[in-house]
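Please go through the points below with the structure open. They cover selected contacts, charge pairs and aromatic pairs.

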Amino acid sequence: MTDSAAAQPGVSRAVVGAALATAAGVVPAVPGFGESVIPTGALFGLGWPAFGIAGALLLDRDPGSRLGRAMAALALVPVAVTAAALFTGGAATRWPRLEAVWEWLGAGPVVAALAVVAWGVDIAGDRLSRRRLVWLVVWSAGLVGAVLAASLGAGPRASAAVSTLGLWAMAVLLYRLATARELRPVDEPLLDAAVAAATLLLGAAVGTVVRVGGLRAGFPAPEMSGAFAAVVSAALVLPAGLWLRRSVLQRRYGQGTLSAADVEQITADLHSQTDVRELLAKAAAMVAAASGHERVGLVLGTDVPDLPPHWVLHPLVVGGDRVGTVYLEPRHPEGPEPRQERVVRQLLPTVALVARAVGLAVETDHVRRDLTRERARILGDLHDGLGPMLVGMSMRVRAELRHRPTPLLETLARDLADCRGDLRGIVSGLTPSALDDGDLAGALHRLAGSFGGQGPAVTIDSALGERLAPEIAVAVYRSVAEGITNALRHARAGRVTVDVRTTPAGRVLVDVTDDGAGGAVVFGIGLSSLRRRAEELGGTLDVAGTPSAGTRLHLDLPARRAT
């Protein structure tokens with residue numbers, strides 16, 4: 001069978017021929033419409049014009065359709081039968097003679113028509129063509145069986161009615177099969193029929209049992225009780241049947257969509273603590289569950305993976321840029337079902353955004369590592385290069401100043417001293433010098449000691465069970481320094497307690513608590529930058545103040561950065 005083609009302007013000769021054949025097929029039955037009851041001889045021929053109508057529609061879509069021409073020719077069967085009746089009898093124009101000829105032919109015209117249809121069908125090896133063929137065979141067998149049963153077990157009137165209705169149904173089916181671009185597998189309608197039959201049979205069985213029981217017990221109106229029980233039982237069984245049907249289809253096609261909860265689960269771990277590339281596997285697994293594919297994978301970038309021929313590739317595009325590729329392995333070697341393709345195409349924009357987010361996160365991580373390396377390089381250049389150079393220049397200037405003091409040398413000595421101080425501040429900003437040996441606990445105790453005699457008494461309690469990553473140690477050190485400094489400057493505290501410890505879950509917790517004035521906390525530049533840095537490292541920083549109860553800075557970070 002051929003798919004639809006572009007319609008040609010105007011009406012083609014093939015369509016005109018099909019219309020004329022249809023009109024000719026109706027003509028033998030036209031006199032029968034003038035009677036109160038359509039004669040059986042006329043009723044036999046009323047089903048064949050349906051083929052002409054369906055053939056005309058097919059020829060309008062594709063003037064070269066062989067099936068359309070075959071169906072148009074079948075519309076002339078009543079003309080041929082009427083001509084045979086006229087040729088074989090003198091008074092053959094009467095309806096009884098025509099009825100006798102149709103009865104003598106029996107199911108022969110129907111079988112011949114199905115043979116002509118089979119000749120007109122284009123047989124191909126793809127999945128859609130095979131399903132068309134299966135449906136055609138099933139309906140053809142049903143039509144022939146119905147016509148034979150009516151011919152053998154019913155009167156001519158019933159046989160004519162069954163033949164006419166069956167031919168109309170067959171014509172509609174042929175047009176549907178010829179124009180459909182997707183067809184359900186045959187077992188799915190059978191599953192629907194099985195669910196409906198099981199529901200009716202169980203309801204009927206329960207109703208029969210109730211009716212029989214009511215008759216034996218002498219209950220009034222047992223028929224009504226049985227009918228009510230049958231309806232209630234069917235209503236109770238139907239949800240179970242629908243659930244079974246839904247489970248079977250979901251196993252074959254997937255759940256069909258991604259819910260808001262699914263998207264939230266995909267993006268929940270999009271932060272520095274987790275390797276963001278794990279989100280690709282999570283998104284791929286959810287696409288597989290939604291579309292019913294055997295396996296689904298995601299790759300970033302513009303490269304196309306080398307996969308077996310039956311795998312399906314879809315580019316992921318965001319803003320005109322290709323950010324990745326999703327590749328799917330269908331359960332069937334011939335590819336996914338059309339409904340699975342629709343589900344995948346509906347999910348592609350969401351998956352593309354996930355891929356873009358992961359790509360940006362990976363790029364950010366690379367940039368962060370590059371910055372760390374560059375910061376270390378700058379630190380080394382300043383500490384090992386510019387620092388010693390300034391020290392040497394300062395020593396030479398001071399030596400010369402001792403021999404020949406001049407205002408210019410005094411000014412130069414002071415400027416060099418200021419430059420050395422600024423350099424120490426820059427180096428300290430890149431990484432605190434107290435952490436050069438990696439001993440965070442010792443650095444914190446030295447930090448607390450540096451505040452001695454300047455205000456509050458600082459107590460350090462540390463329980464670090466593992467060595468922290470360098471950037472984590474720097475964040476802890478600066479947060480403690482900021483908390484103590486704020487207590488000294490703003491809280492008018494008499495005592496500051498610092499608690500730093502690691503947990504079995506791989507977290508480091510920092511609490512800086514003072515007994516100062518408390519109250520509302522305003523995040524200035526220092527606290528804002530510390531909070532932002534904590535979030536970049538996959539943690540949190542909170543500061544809360546309570547009047548007459550002091551202020552508490554709480555820092556929660558991972559002990560080690562994800563690689």
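Helices (H or I, at least four residues) and strands (E, at least two) are DSSP runs, numbered from the N terminus. By that numbering, Val11 lies in the segment before α1 (13-26). The model is a predicted one.

1. Surface patch. Val11 joins Val16 and Leu20 in a nonpolar patch on the surface. Together the three residues have about 300 Å² of accessible area. Val11 itself has a relative accessible area of 63%. Val11 is therefore exposed, the cut-off being over 50%.

2. Met71. This residue sits in helix α4 (residues 66-74). Is Met71 buried or exposed? Its relative accessible area is 0%, so Met71 is buried. Beyond residues up to four places away in sequence, Met71 touches Phe51, Gly52, Ala54, Gly55, Leu58, Ala171 and Leu174. Ala171 deserves a look. It is 100 residues from Met71 along the chain, yet their C-alpha atoms are separated by 8.3 Å.

3. Aromatic pairs. How many aromatic pairs are there? The count comes to three. One of them is formed by Phe44 and Trp102 and is stacked. The ring centres are 5.8 Å apart, with 10 degrees between the planes. This pair links distant parts of the chain. Phe44 is in helix α2 (residues 40-44), Trp102 is in helix α6 (residues 95-105), and 58 residues separate them. Phe44 counts as buried because its relative accessibility is 5%. Trp102 is buried as well, with a relative accessible area of 5%.

4. A tilted pair. Trp311 and Tyr327 also have ring centres 5.8 Å apart. Why is this pair tilted? The planes stand at 40 degrees, so the pair is neither stacked (under 30 degrees) nor edge-to-face (over 60). Trp311 is in the loop between β1 (295-300) and β2 (312-318). Tyr327 is in strand β3 (residues 321-329), 16 residues away in sequence. The pair links distant parts of the chain. Both Trp311 and Tyr327 are buried.

5. Salt bridges, with exposure. Side chains of opposite charge can pair when their charged atoms come close. The whole structure has eleven salt bridges. One of them joins the side chains of Glu400 and Arg404, at 2.3 Å, N to O. Please inspect that distance. Glu400 has 29% relative accessibility, so Glu400 counts as partly exposed. Arg404, at 57% relative accessibility, counts as exposed.

6. A buried salt bridge. Arg507 and Asp556 meet through their side chains in a salt bridge of 3.0 Å, N to O. Where do the partners lie? Arg507 is in strand β6 (residues 507-514) and Asp556 is in strand β8, 49 residues apart. The pair thus links distant parts of the chain. Both partners, Arg507 and Asp556, are buried. Strand β8 covers residues 550-558. The two side chains are also joined by a polar contact of 3.0 Å. Asp556 touches Arg507, Val508, Leu509, Gly539 and Thr540, leaving out residues up to four places away in sequence.

7. Val510. Strand β6 also holds Val510. Val510 counts as buried because its relative accessibility is 0%. What does Val510 contact beyond its neighbours within four places in sequence? The list is Val476, Val480, Asp499, Val500, Leu553, His554 and Leu555. Val476 is 34 residues from Val510 in sequence, and the C-alpha atoms are 7.2 Å apart in space.

8. A salt-bridge network. Asp499, already named as a contact of Val510, is linked with Asp461 and Arg501 in a network of salt bridges.

9. A salt bridge within a helix. The side chains of Arg533 and Glu536 meet in a salt bridge of 3.2 Å, N to O. Both residues lie in helix α18 (residues 525-536). They are three residues apart, about one turn of the helix. Arg533 has 26% relative accessibility, so Arg533 counts as partly exposed. Glu536 is partly exposed too, with a relative accessible area of 33%.

Technical notes:
Residues are numbered from 1 along each chain as its sequence is written. This is a predicted model: local features need pLDDT of at least 70, side-chain atom pairs count only at pLDDT 80 or more; totals for chains, interfaces and linings use all residues. Side-chain values use heavy atoms; hydrogens and water are left out. Patches are made of residues with over 30% relative accessible area and no salt bridge: like charges are joined within 9 Å, nonpolar side chains (Val, Leu, Ile, Met, Phe, Trp, Tyr) within 5 Å. Accessible areas come from the Shrake-Rupley method with a 1.4 Å probe; for residues, only the protein chains shown count as cover. A salt bridge is a side-chain nitrogen of Lys or Arg within 4 Å of a carboxyl oxygen of Asp or Glu. Buried means under 20% relative accessible area, exposed over 50%, partly exposed in between (1.4 Å probe, protein chains only). Contact means heavy atoms within 4.5 Å. A polar contact is a pair of N or O atoms within 3.5 Å; within protein, one must be able to donate a hydrogen and the other to accept it, and residues adjacent in sequence count only if both atoms are side-chain atoms. Rings of Phe, Tyr and Trp (its six-membered ring) pair if their centres lie within 6.5 Å; planes under 30 degrees apart count as stacked, over 60 as edge-to-face and the rest as tilted.
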